[in-house]
Amino acid sequence: AIRVYAHYVRHYRNLNPFKCLRNVMVVGAGDAGALIAWELLNLPQQPYRLVGFIDDDPEKHGNFLYGAKVLGGREQIPTAVAQLGVEQIVIAMSAVEGRTIRELVRICQATKCEVKIAPDVYELDEGRVTVHQLRPVQVEDLLRRPPVELDMEGIAAYLAGKRVLVT
């Protein structure tokens, strides 16, 4: 009886009408998306309700992951947001190119939803990072590399007292 009650509390707590939950859609139904979904559903006091997934793999469309349906590819994002009342979109795709992330961010920002990106799946899996650390999309996410840091003092010292032609 205790195990059944614990299962009920974990999986059906989102049905509480007095609890203020934000509808969240996860882009990516792979390993990273599954880890984010598990944390959204199983960690106590999460202010989120998982309403669906988006994934470009046609074989995943229509399947369920942790009780949420894979609604379709990225072209379905605007429709899903409107139909499900999505307030926040989490991009959970760690093994894609920067070009793909840029396109997803562009589509998601057009919906006026809050867009967050999940940490790298390996950091989640090792327990170093949690869903609490979902963050806004940064330049590094779009480039898929760290930004170039310039040594401004060294450059200034090198150019001091010299003429520079800028074309």
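## From a paired strand outward

In β5, the residue that serves as bridge partner of V27 is I91, and this pairing is a convenient place to enter what is a predicted model. The pair belongs to a longer run of contacts between neighbouring strands, since strand β1 (residues 22-27) and β5 are parallel and are joined by four bridges. On strand β6 (residues 114-117), β5 finds another parallel partner, and here too the bridges number four; among the residues involved, Q88 has E114 in β6 as its bridge partner.

How are the two faces of strand β5 (residues 88-91) covered? Q88 and V90 point to one side and I89 and I91 to the other, and all of these residues are buried, so that both faces of the strand are covered. The connection from β5 to β6 passes through helix α4 (residues 98-110), and the three elements together form a right-handed β-α-β unit.

E114, which lies in strand β6, shows how this region is put together at the level of a single residue. Leaving aside residues up to four places away in sequence, E114 touches R22, E87, Q88 and I89. The C-alpha atom of E114 is separated by 9.2 Å from that of V86, although the two residues are 28 apart along the chain. Is E114 buried, exposed or partly exposed? Its relative accessibility is 30%, and because the buried class ends at 20% and the exposed class begins over 50%, E114 counts as partly exposed.

Seen as a whole, the chain contains seven helices and seven strands, which follow one another from the N terminus in the order α-β-α-β-β-β-α-β-α-β-α-β-α-α. Of its 167 residues, 37% are buried, and among contacts with a separation of 6 or more, 66% are between residues 24 or more positions apart. The accessible surface comes to about 10,800 Å², with carbon and sulfur atoms contributing 55% of it.

Towards the end of the chain, the picture turns to helix α7 (residues 152-159). Why does helix α7 lie largely in the open? The number of buried residues among its eight is zero, and therefore the helix lies largely in the open. After α7 comes G161, a residue with a positive phi, near 80°. In the case of K162, the charged end sits over the ring of Y158, at 4.2 Å from the ring centre. As for pairs between aromatic rings, the count in this model is zero.

Definitions and conventions:
Residues are numbered from 1 along each chain as its sequence is written. This is a predicted model: local features need pLDDT of at least 70, side-chain atom pairs count only at pLDDT 80 or more; totals for chains, interfaces and linings use all residues. Side-chain values use heavy atoms; hydrogens and water are left out. Buried means under 20% relative accessible area, exposed over 50%, partly exposed in between (1.4 Å probe, protein chains only). Contact means heavy atoms within 4.5 Å. Accessible areas come from the Shrake-Rupley method with a 1.4 Å probe; for residues, only the protein chains shown count as cover. Two strands pair if DSSP finds at least two bridges between them. A crossover is right-handed if, with the strands pointing away from the viewer, the path from the first strand over the helix to the second runs clockwise. Rings of Phe, Tyr and Trp (its six-membered ring) pair if their centres lie within 6.5 Å; planes under 30 degrees apart count as stacked, over 60 as edge-to-face and the rest as tilted. A charge sits over a ring if NZ of Lys or CZ of Arg is within 6 Å of the ring centre and within 35 degrees of the ring normal.
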